[in-house]
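User: Could you walk me through a few odd spots in this backbone? I'd like to hear how you reach each label.

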Amino acid sequence: MTERKFKAPLFEALRQYKARKDASFHVPGHKDGQAYPCMKQNDDTLTGVMEIDTTEITGTDDLHHPEGVIREAQELAADLFGAEETFFLVGGSTAGNLALILSVCTTPGDVLLVQRNVHKSVIHGFMLANANAVFLEPQQDASSGLMTIPSEETVREALHRYPDAKGLLVTSPNYYGMGASLFPLAELCHANGVPLLVDEAHGAHYGLHPDLPKSALEAGADGVVQSTHKMLTAMTMGAMLHVQGNLLNVNVIRQRLAIVQSSSPSYPIMASLDLSRGMIQSQGSDFFTEGLTLVEQLIEGIGDLQRIHFLKPGASGDNDAYSIQDPFKFVLYDEEGQWSGYKLQETLEAEGCIPEMSDDHYVVLALSSATSQGDIVRLLNALTKIDHLMQVSTWNIKNKEDIYDDTQKGLDIEVEAEIDLDQGNSRYAEAVSDKVHFDLRIVAAEEIESVRVEECEGRQAAEMVIPYPPGIPILYPGEPISARTANQLVRLKYAGAKCQGTADPTLTTIQVHRIGTVQDGQRQGL
């Protein structure tokens, strides 16, 4: 990219608004931060943001009917990311996922193909749309046990079995920065006249530098959702929805966005989207150069360690499942398997290095173009210290058989199996599921009971179980609980994993449908 003059029209309009210091007789009620004079005197961080926290007045445009600076900012974003049209999102990728599903599933009972290990917002989208999901088994990387996208063969079979499907929705990259080529899936979808929708929340930076993976738009996806705040530099909740081609109705998407997004969107968040894009567009690929140099430094430093390694494609030779890795995501693990990801995260945090997430085996570090040299030095010092501790310490994780011995109660728990928060049940399901209906019906309290997780096998879930992060449901309401999932719930319970959607946050119990109240195979929505 050639360096160009910095341009951020929305951000500039808000800066001019701040400089004018007009008397505010409009919302919001804090009146450009004047409500907090004590903070203004001592710490103007918050009030500085409030000084551009305005609303739809003359000169600041309207997100839901953009004609001025917001429209120009979105057009500049579309140009950078390679879309035909781009929409700013102030509700994160969640708003984009909901809008995409609601725009293709417009009639109750519509069918949408979707990989099983999707973010909870996708399941919520099906509920809102009163739609049918057809779950596709994602591919598994044999070396790590983690899941990426469905195979070309699985998608082909699904399109053959469900010719009335409204499209295919996949997640790429996954939370671990892993992925595989989307080009074959886009070609299959287009050959069947349906759109490819991609939750690219963790890949907003893709396609913006030669050393970064190709973006979903480059691969031919029709609708792409990106969390600009995750791997780029927008404020939290700042995201974008990109559209191209003629398989999506842009007017319907625009109307759906008006439903799922606030009518009073945050101007600081929108300004951060404009500012993030402006920095990249003005600096070109140089925006990522320093960060990628630090990535190489980190790779070299980890290479000197004995026990701490990181995931990379090609370890298993299964190129179809895992051929792409985000260079800014490092998935660390103990080569000897004695330290869990949870333990590694805990120890890193004690050294002042805060990871993105961890699971039973891995800890995920998210770098970006804003990562500093000092950050890398601190991280390498911490990893070197931890690697030495691993070698000399007599500490070992408690034997899994000891952990679960008192809780099996007849369950055939395979203690050697791995907890994989990324894969859900899909690894053990058929490649293409039957239709699974979702809606917003509330199940009567008398039809639900709580049972111990050790005794839930064979029952139908009455709540969603969402380990967070990464926010991928391992159970959806109405799903039969397999032996594998029951075992996984027990492990999550004893690992102290944080789960959303459950009535019992400790996972001691789980809510299920009372026997006889739900027909076999029926799926409920909530």
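**Odd backbone spots**

Analyst: Leu-507 is buried, with 0% relative accessible area. Quick background: this is a predicted model, where local features need pLDDT of at least 70, side-chain atom pairs count only at pLDDT 80 or more, and totals for chains, interfaces and linings use all residues. Residues are numbered from 1 along each chain as its sequence is written, and side-chain values use heavy atoms, with hydrogens and water left out.

User: Why is Leu-507 called buried?

Analyst: Buried means under 20% relative accessible area, exposed means over 50%, and partly exposed is in between (1.4 Å probe, protein chains only). Leu-507 has 0%, so it counts as buried.

User: And what makes Met-237 partly exposed?

Analyst: Its relative accessibility is 41%, so Met-237 falls in between those two cut-offs.

User: What is odd about the phi of Leu-507?

Analyst: It's positive, near 60°, though Leu-507 is not a glycine. Met-237 isn't a glycine either, and its phi is positive too, about 85°. Most residues other than glycine have a negative phi.

User: Where is Met-237?

Analyst: In the loop between helix 10 (228-231) and strand 10 (239-243). Helices (H or I, at least four residues) and strands (E, at least two) are DSSP runs, numbered from the N terminus. Leu-507 sits in the loop between strand 19 (499-500) and strand 20 (509-513).

User: Which peptide bond before Pro-173 is cis?

Analyst: The one joining Ser-172 and Pro-173, with omega about 0°. Val-27 to Pro-28 is cis as well, with omega near 5°.
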